[in-house]
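Here are a few exercises to work through with the model open in your viewer. Try each task before you read its solution.

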Amino acid sequence: MLSFLLAWYKRYLFKTLAFTFSLIFVLIVGSQSFSSTSLSNQILWDTYGVPHIYGQTIPSAFKEFGWAQTQSHGNLLLSLYGQARGRAAEYWGEEYVESDQWVLTMGVPDRARAWYAAQSPAFRSYLDAFASGINAYAQAHADLIDDSVEVVLPVKGEDILAHLQRVLNFTFIVDPTQVESLSHKQPKAGSNGWAISPQRSASGNAMLLANPHLPWSDLFLWYEAQITAPGIDAYGATLVGIPVLAIAFNNNLGWTHTVNTFDGWDAYELKLANGGYIFDGKVRLFESETIALKVKQKDGSLSNKELIVRRSVHGAVFAADKTVALRVVGLDRPGTLEQWWDMARSQNFHQFQAVLQRLQLPMFTIMYADRAGHIMHLFNAQVPVRQQGNFADWEKLIPGETSKTLWTKIHSYRDLPRIVDPASGWLQNANDPPWTTTFPPAIDANNYPAYIAPRSMSFRAQRSAKMLFEDKKISFDEMVAYKHSTRMELGDRLLDNLIPAANKYGNKIAKHAAKVLQTWDRQTNADSRGAVLFALWVQAMDLDTAFSQPWSEKSPRTTPDGLANPQAAVATLEAVAEKVEKTYGALNVPWGDVFRLKYGNVDLPANGGSGDLGIFRVVDFIAAKGEVFQPVAGDSFVAAIEFSQPVKAMALTSYGNATQPGSPHISDQLPLFAQKKLRPVWRDFKNIQAHLAKKEVF
């Protein structure tokens with residue numbers, strides 16, 4: 001009995017002390033004057049819920065950043081960390097079994113522990129500090145954290161690295177749906193990025209446009225912040241749960257990322273024999289591990305599922321109709337977070353490039369600009385060194401019985417497609433291969449292995465390049481206006497054929513449709529009439545066979561073009577027009593009546609649309625109730641930066657900077673999004689003070 005009481009008292013004392021220290025850790029002083037130095041440990045929250053983090057030391061800044069992310073996204077963050085542990089089914093039930101199987105089969109938790117041990121002592125302490133900030137906030141504000149996710153606490157440094165792997169290596173590079181279908185087609189993730197040199201800038205200053213397009217939910221959500229500590233003063237955004245800025249700028253330089261046309265995984269078909277697999281003429285045995293996967297039942301009890309994980313020399317093995325082994329890049333490179341951190345600390349192009357040469361970041365194109373006037377496009381990726389083949393060859397199922405197809409090295413930094421300060425004065429990327437980053441072309445695909453990237457240029461990339469190519473002197477305001485362009489490149493490409501064909505071959509409704517399309521402004525603004533009709537017609541067409549002139553490397557910005565079968569295209573238009581008229585009562589229904597910016601409690605007329613239509617302002621929609629559509633992905637974090645003195649910047653986090661229930665910052669920026677506006681970025685004390693919502697001193 002005495003031992004029981006002693007144990008109970010120790011637990012009570014620990015909880016009491018933890019709570020007391022967490023209260024000491026934070027002191028909210030909303031009424032204090034704004035006289036504290038910039039190096040005191042504090043978070044200044046502006047009126048859009050952006051935390052401006054000031055740390056006397058780097059660990060204190062990391063701790064505050066963990067606190068801030070938990071305040072804004074605590075339920076989501078803890079849910080993501082629980083999934084990255086491979087214990088989500090244990091915490092929340094049967095629906096997470098497949099997620100856990102994927103994470104455990106890919107070895108994420110064990111590798112996270114190894115990565116944690118491999119960090120430099122200093123950076124490991126930063127990860128620990130970020131985790132402690134999460135734990136401190138959850139302890140001090142337990143009433144604001146959902147009971148169901150508290151089971152994940154306390155968070156450890158290795159959880160951050162597990163989450164990083166799940167996001168980068170096992171979602172962006174390859175996700176379970178790709179393995180299941182053996183398809184390299186990427187999920188809905190994309191971006192636009194521009195870098196403009198002084199020679200093309202109206203002000204004579206370099207400019208940068210950051211514009212990732214990701215789903216508006218789950219692990220894809222951006223979090224906007226400023227971090228100031230010894231050696232760093234950077235502003236930007238990162239994905240929820242990541243402790244450093246992934247897209248950022250400081251007073252001297254900045255960068256953004258786009259999802260590049262990169263193959264960082266391969267599926268190898270294994271030939272089975274005698275309980276193993278054939279490799280170089282011999283039978284090898286699988287490495288095998290049995291993992292107990294716990295699953296929470298409806299009554300709260302736990303059941304055990306047995307997960308047998310097999311690995312070949314290629315990687316983890318999956319068995320369905322065929323036995324396939326998966327090989328993924330980056331699993332031996334634990335320095336991604338420190339590289340991002342040091343990118344944000346760099347003060348000039350030389351320092352920045354030295355950090356990039358580590359090649360710890362497994363993918364993403366880097367678009368760069370700086371105060372000195374340099375701009376750069378780097379096809380950043382851990383590209384496997386392959387013996388032969390082109391890009392398409394390696395997207396197929398690869399024979400796994402020979403070492404001739406098994407890559408073991410990646411290309412060095414100097415091997416990657418890169419251009420610095422092109423003669424054109426501008427660079428763009430809209431998820432197209434690096435060969436079309438500027439015109440005249442500055443990177444020759446023939447100088448690189450055929451497997452590095454395909455040769456193509458999407459309609460959105462063509463629209464992106466067209467805007468830059470045609471404007472010889474671009475002002476900051478023009479760059480922001482171009483960012484919001486809803487002009488549909490596909491409309492410009494096809495309407496000149498479709499309208500006369502409808503008048504020639506079509507029935508009454510087809511000719512009416514032709515008249516609507518003739519007067520349409522070829523944009524997808526909220527009041528654009530004809531855009532709904534055209535977009536639904538495109539959706540009903542097979543674009544792989546629709547064009548009379550296919551895409552050509554000789555004319556990359558003006559092909560494909562023309563209708564291959566005008567009569568068939570008109571027949572499709574008739575069917576679509578009948579459906580549109582029946583559903584919406586008119587062929588010229590405004591775009592914003594059908595496509596809505598519905599998120600949280602906000603419901604506004606939308607502008608923008610799918611990048612597949614050649615629209616630069618991307619919003620991806622799904623069908624909702626009432627024959628309307630609502631957004632699920634697209635423009636998320638946007639930043640326009642000019643390296644003037646001082647730096648001029650505007651930004652927007654489309655869906656708001658929080659998801660935590662009760663936060664006023666859920667969808668509070670969506671009205672600006674609907675108006676095609678950005679908001680000023682506040683970086684100095686004076687501006688932050690003028691827009692201060694709350695101050696927390698630690």
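**Exercise 1: a pocket**

How much space lies in the second largest pocket? Which residues come closest to its centre, and which element gives the most to its lining?

Solution. Keep in mind that this is a predicted model.

- Step 1: start with the volume, which is about 1100 Å³ for the second largest pocket.
- Step 2: go to the lining. It has 33 residues, and Trp102, Pro176, Thr177, Glu180 and Phe318 are the closest to the pocket's centre.
- Step 3: sort the lining by element. At least two residues each come from helix 4 (97-105), helix 7 (157-173), helix 8 (176-181), strand 15 (302-311) and strand 16 (316-319). Helix 4 gives the most, with five residues.
- Step 4: sort the lining by chemistry. You get 17 nonpolar, seven polar and nine charged residues.

**Exercise 2: an aromatic pair**

Classify the ring pair of Trp216 and Tyr599: what are the distance and the angle? Then work out why each residue counts as buried or exposed.

Solution.

- Step 1: get the overall tally. Searching the whole structure turns up 35 aromatic pairs.
- Step 2: take the geometry of this one. The centres of Trp216 and Tyr599 are 5.7 Å apart and the planes make 80°. Planes over 60 degrees apart count as edge-to-face, so that is the label for Trp216 and Tyr599.
- Step 3: place the partners in the chain. Trp216 is in the loop between strand 5 (207-215) and strand 6 (222-229), while Tyr599 belongs to strand 25 (residues 596-599). They are 383 residues apart, so the pair links distant parts of the chain.
- Step 4: check burial, where the cut-off is under 20% relative accessible area. Trp216 counts as buried because its relative accessibility is 4%. Tyr599 counts as buried too, at 17%.

**Exercise 3: more rings**

Which residues form one aromatic cluster with Trp341, and what lies over the faces of Phe469 and Phe673?

Solution.

- Step 1: the cluster joins Trp341 with Phe62, Phe123 and Tyr126.
- Step 2: over the face of Phe469 you find Arg557, 4.3 Å from the ring centre.
- Step 3: Phe673 has Arg617 over its face, at 3.9 Å from the ring centre.

**Exercise 4: helix 15**

Why is helix 15 largely enclosed, and what covers its buried residues?

Solution.

- Step 1: count. Helix 15 (residues 531-540) has 10 residues and eight of them are buried, so the rest of the structure largely encloses it.
- Step 2: name some of them. Phe534 and Trp537 are among the buried residues of helix 15.
- Step 3: find the cover, which includes helix 13 (489-505), helix 14 (508-519) and helix 17 (566-584).

Notes:
Residues are numbered from 1 along each chain as its sequence is written. This is a predicted model: local features need pLDDT of at least 70, side-chain atom pairs count only at pLDDT 80 or more; totals for chains, interfaces and linings use all residues. Side-chain values use heavy atoms; hydrogens and water are left out. Rings of Phe, Tyr and Trp (its six-membered ring) pair if their centres lie within 6.5 Å; planes under 30 degrees apart count as stacked, over 60 as edge-to-face and the rest as tilted. Helices (H or I, at least four residues) and strands (E, at least two) are DSSP runs, numbered from the N terminus. Buried means under 20% relative accessible area, exposed over 50%, partly exposed in between (1.4 Å probe, protein chains only). A charge sits over a ring if NZ of Lys or CZ of Arg is within 6 Å of the ring centre and within 35 degrees of the ring normal. Contact means heavy atoms within 4.5 Å. On a 1 Å grid over the protein atoms alone, a cavity is a set of points where a 1.4 Å probe fits but cannot get out, and a pocket is an open set with protein on both sides within 12 Å along at least five of seven lines; lining residues have an atom within 4 Å of a point. Grid points are joined across faces, edges and corners, and a volume is the space filled by probe spheres set on the points. Ala, Val, Leu, Ile, Met, Phe, Trp, Tyr, Cys and Pro count as nonpolar, Asp, Glu, Lys and Arg as charged, and the others, Gly among them, as polar.
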